[in-house]
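Reader: I'd like to walk through the enclosed spaces in this protein with you. Could you take my questions one by one?

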Amino acid sequence: MSDQAVVVGSFTPSVVLDLAASTGRLDAAGVVVEEVPVQSSPGQFRSLLDGEIQVALTSPDNVLAYRYNPANPLGELADVRMVAAVDRGMGLGLYGRPGLTIDGLRGAKVGVDVPTSGFALALYALADSVGVGRDDYELVALGSTPQRLRALLAGECDATMLNAGNELAGEAAGCVRLVSATDVCTPYLGVVVAVAGDTHVDVARRISGALVDVAAEIVAGRLTDEAAESAARRLGLDDATALRYVDRLRDPAEGLVPDGVVDPAALRTLVDLRRRYLPVPAADGSGDLLDRAVDDPGLVTAGA
């Protein structure tokens with residue numbers, strides 16, 4: 001039987017997915033993956049629902065938004081599910097242009113994917129934690145994290161949320177981390193494998209198995225050279241920064257999830273952020289539509 005071809009949509013090129021291919025794990029799983037970049041979370045989920053991509057590497061908050069909130073950017077609810085956890089945020093933090101201080105956030109232009117995305121909600125919490133409220137800065141929608149890094153370096157915004165190697169590239173260019181997500185939003189979940197409906201659950205599980213195998217190897221101290229080479233090639237990092245990226249992959253607070261398990265406590269963090277900044281009261285007054293999310297048996301489709 002021939003390998004199954006699958007299109008995977010991601011915001012930032014995935015080093016772990018790259019290694020799953022180069023080490024033969026995707027071949028062993030019977031999968032040929034084409035990874036394509038997505039420009040925004042609404043665009044990613046539109047493509048997922050339309051079948052243009054079959055699997056998404058995405059923020060779990062996006063799954064929450066499109067599964068439970070009818071006011072999401074697409075204006076429709078969808079049977080979207082998480083299959084496995086990939087990482088815990090990978091250095092997620094609020095970064096400013098060179099020289100910016102926390103006081104400089106007041107009146108600043110702050111870049112987001114869209115104002116309702118998971119990273120935007122984390123941004124609000126991080127800024128609030130240092131006494132800067134949502135009315136104190138101007139939001140500008142700039143798309144995916146690589147796009148926002150380019151905008152930050154070009155002076156098109158003063159601050160934004162960065163992670164997944166983009167923050168390391170930003171630091172190398174003089175950008176400063178103002179607040180870390182690990183200081184405010186813990187435990188956190190950064191990227192999950194997600195699907196729409198049940199058609200592609202099996203192949204998503206096979207891809208997830210390959211990713212988990214690679215993650216476990218990296219966390220155990222192996223595949224260092226391979227991971228650094230992939231980070232340098234795919235993320236445009238120099239050799240020293242690529243090794244810092246590998247260290248981040250191994251970080252127990254921010255790095256890879258070596259067993260792929262979606263942590264209910266980390267989901268609770270995301271649910272609480274969404275309820276805090278984008279509450280969606282139930283029509284019957286019985287609470288928020290997200291109240292049932294952590295206990296919803298359909299939210300996470302794990303296992304073999």
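Reader: How much space lies in the largest cavity?

Author: Happy to start there, with the reminder that this is a predicted model. Counting cavities of 30 Å³ or more gives three. The space in the largest of them comes to about 400 Å³.

Reader: Which residues are the closest to the centre of the largest cavity?

Author: The lining of the largest cavity is made up of 29 residues. By class, 13 of the lining residues are nonpolar, 13 are polar and three are charged. Closest to the centre are F11, T12, N163, A164 and V191.

Reader: Which elements each supply at least two residues of that lining?

Author: Both helices and strands take part, so it helps to go by type. The strands are β3 (55-58) and β4 (80-87). The helices are α1 (15-22), α5 (118-129), α6 (145-153) and α10 (239-249).

Reader: Now the second largest cavity, please. How many of its lining residues are nonpolar, polar and charged?

Author: About 50 Å³ of space lies in this cavity. Its lining consists of V16, A84, A85, V86, V193, S208, L211, V212, A215 and V257. Ser counts as polar, whereas Ala, Val and Leu count as nonpolar. Sorting the lining that way gives nine nonpolar, one polar and no charged.

Reader: Which element gives the largest share of the lining of the second largest cavity?

Author: Two elements give two or more residues to this lining, β4 and α8 (201-219). Four residues, the largest share, come from α8.

Terms used: Residues are numbered from 1 along each chain as its sequence is written. This is a predicted model: local features need pLDDT of at least 70, side-chain atom pairs count only at pLDDT 80 or more; totals for chains, interfaces and linings use all residues. Side-chain values use heavy atoms; hydrogens and water are left out. On a 1 Å grid over the protein atoms alone, a cavity is a set of points where a 1.4 Å probe fits but cannot get out, and a pocket is an open set with protein on both sides within 12 Å along at least five of seven lines; lining residues have an atom within 4 Å of a point. Grid points are joined across faces, edges and corners, and a volume is the space filled by probe spheres set on the points.
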